[in-house]
Amino acid sequence: ISVFILIHFLYKRKLFMYDDFSHWGIISRLLLQKNAINTSLDNIVYYKSYPQATAYFIYGITKFLGYTEGNMMIANSLITLSGVFTFLSISKKKLANYFLSFIIIIFSFMYNIRPYSLLVDTILSTSSFAIFAFVYSNDLSSSNKYLKIFLIPMFVSLVYTKNSGLFLSIFLLFYIIKKYIRKDNKLIVISFLSIILANISWSNHIKNEFVNTGKHSMSLSSYKQGLIGNHDAINEFTRNFLNKVLTDKIMLSLILILFLYILLEKDRKVFVNLLLTSLIVYIVYQVGNYFMFITSMSVSELKRMASFDRYTRTIQMILVLINLYVTNDYIGSKKYCKFISFLLLLFSLIFIDPPEEIGNQDTIFRDNLYEIKQEKNIEKSKKILVKFKEYDMSRYLTRMTMYEFETTTIQDTFPGDKKQFNINDYDYFIDLSK
């Protein structure tokens, strides 16, 4: 049912998110056009260090269904859905559990990245949760010993989804070590090697293929060049960062719920472990998040805490899904457990501010670009001068135009622009200022 709803909702849609125009939509489309991964010659891909697992999956599905942006969204959403479906393993054929699983699917598609985008942050959450649920619900060292082999593609896919997938894989590795340290060292080695070799292979590919990896590549050199002299920017960011972390409503709700379970249940060890683990994982993740910001973001991105909301919702979603899974497996027969689970999900969806990454839903501008492209028969990689109604400060319209015309050589201008441009220096001049 969920798949048919997604197909109905997405199959005619177009991309509208800034990050889809700057990377995720570009790389997915390029793979379909080339039938090969990108190389240093593909200048249209700017963020070259970003892993591409979801783009490979989109390639496989869309190659079969046919290329449309809607089909790319459907393929991307199927990855999210596959991770969430693992929650059904504790449904035990009870209506309340199926209904809870349905609400969790809604939560997964609405709390962070919406299904009409190709961004991968929600996929990070659901894939991490799926690996946890797989290890939690199966004894991989006994009668199901061959199941451990499935951890290899699971971890490789997570590491190849996004750079932070390595970070999340390490968290999951610690859980596997805790569960199997005296039972199955082979399982631990398989998991460790899957993570490390996946990361090394991708790092070597980037190192050998590309000289410039683009923005948001974490390094001390970028920190020294861009931020080491901007103490005021770092101090302001640090204050804002700590304020957001310490007032995180989802984490505070989780802590309150787990304390409540500790008070109500006689066998409280599980809930104490959940509480401590959730706190440790959240704190370590946010420490890593902090250093990612100051070593890869520009001063302007630090000041507006660019994408902080999206990154934080990634770890929030993982912890919510894991806590709901374990508590409903452990005391799911008790009505108050179901009530608290529904309450947490509804609170997250209704009372928490909607995610920043919702995107512009105005189709008129993209439709105009498409009509101009067809009318002028504009080919790829052309040099284009575009005149907007006003200065495109966010670069959103510029990125959309670059994506639609499949070129990196777009020069934008606007009425009253002090810079003067010679139309004859460009292959096309497009006036969108009227």
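A crossing of two helices is right-handed if the near helix is turned clockwise from the far one by less than a right angle. I wrote that down before anything else, as my notes start with a helix pair. I also reminded myself that this is a predicted model.

**Entry 1: α1 and α4**

I looked up how helix α1 (residues 2–10) sits against helix α4 (residues 69–84). Their axes come within 9 Å and cross at roughly 150 degrees. An angle over 145 degrees counts as roughly antiparallel, and α1 and α4 are therefore roughly antiparallel to each other. The crossing of α1 past α4 is right-handed.

Next I listed who meets whom. From α1 come S2, V3, L6, I7 and L10, and they meet G70, M73, I74, S77, L78 and L81 of α4. Sorted by class, this contact has 8 nonpolar and 3 polar residues, with no charged residues.

**Entry 2: α5 and α16**

Which way do α5 and α16 run, roughly parallel or roughly antiparallel? I found that helix α5 (residues 95–110) packs on helix α16 (residues 335–351) at about 20 degrees, with the axes 10 Å apart. Angles under 35 degrees count as roughly parallel, so α5 and α16 are roughly parallel to each other. I noted their crossing as left-handed.

On the α5 side I found A96, N97, F99, L100, I103, I104, I106, F107 and M110, which meet K338, S341, F342, L345, S348 and L349 of α16. By class I have 11 nonpolar, 3 polar and 1 charged residues in the contact of α5 with α16.

**Entry 3: two residues of α15**

I turned to R313, which is found in helix α15 (residues 308–331). Is R313 buried or exposed? Its relative accessibility is 4%, and buried means under 20%, so R313 counts as buried. Its side chain makes a polar contact of 2.9 Å with the side chain of D309. Not counting residues up to four places away in sequence, R313 touches Y111, N112, S125, I352, D353, P354 and P355.

Q316 is found in α15 too. With a relative accessible area of 5%, Q316 is buried. Which residues does Q316 contact, leaving aside neighbours within four places in sequence? I noted Y111, D248 and I250. With Y111, the side chain of Q316 shares a polar contact of 2.5 Å. I also checked Q316 against M251: the two lie 65 residues apart along the chain, yet their C-alpha atoms are separated by 7.1 Å.

So Y111 turned up twice in my notes, in the list for R313 and in the list for Q316.

**Entry 4: three loop residues**

I went to the loop between α6 (121–137) and α7 (151–159), where I149 lies. I149 is partly exposed, at a relative accessible area of 45%. From I149 to S191 I count 42 residues in sequence and 9.1 Å in space, C-alpha to C-alpha.

Then I looked at backbone angles. Most residues other than glycine have a negative phi. N35 is not a glycine, yet its phi is positive, about 55 degrees. N35 is found in the loop between α2 (18–34) and α3 (53–65), and at 45% relative accessibility it counts as partly exposed.

E406 is another non-glycine residue with a positive phi, near 50 degrees. I placed E406 in the loop between α18 (396–405) and β2 (410–413). Its relative accessible area is 12%, so E406 is buried, whereas N35 is partly exposed.

Definitions and conventions
Residues numbered from 1 in each chain as written. Predicted model: local features only at pLDDT ≥ 70, side-chain atom pairs only at ≥ 80, totals over all residues. Heavy atoms only, no water. Axes fitted to C-alpha atoms, helices over the stretch in contact; angles between N-to-C directions. Helix = DSSP H or I, 4+ residues; strand = E, 2+ residues; numbered from the N terminus. Parallel < 35°, antiparallel > 145°, perpendicular 65-115°, else oblique. Contact = heavy atoms within 4.5 Å. Nonpolar A, V, L, I, M, F, W, Y, C, P; charged D, E, K, R; others polar. Buried < 20%, exposed > 50% of the residue type's maximum accessible area, 1.4 Å probe, protein only. Polar contact = N/O pair within 3.5 Å; in protein donor to acceptor, adjacent residues only side chain to side chain.
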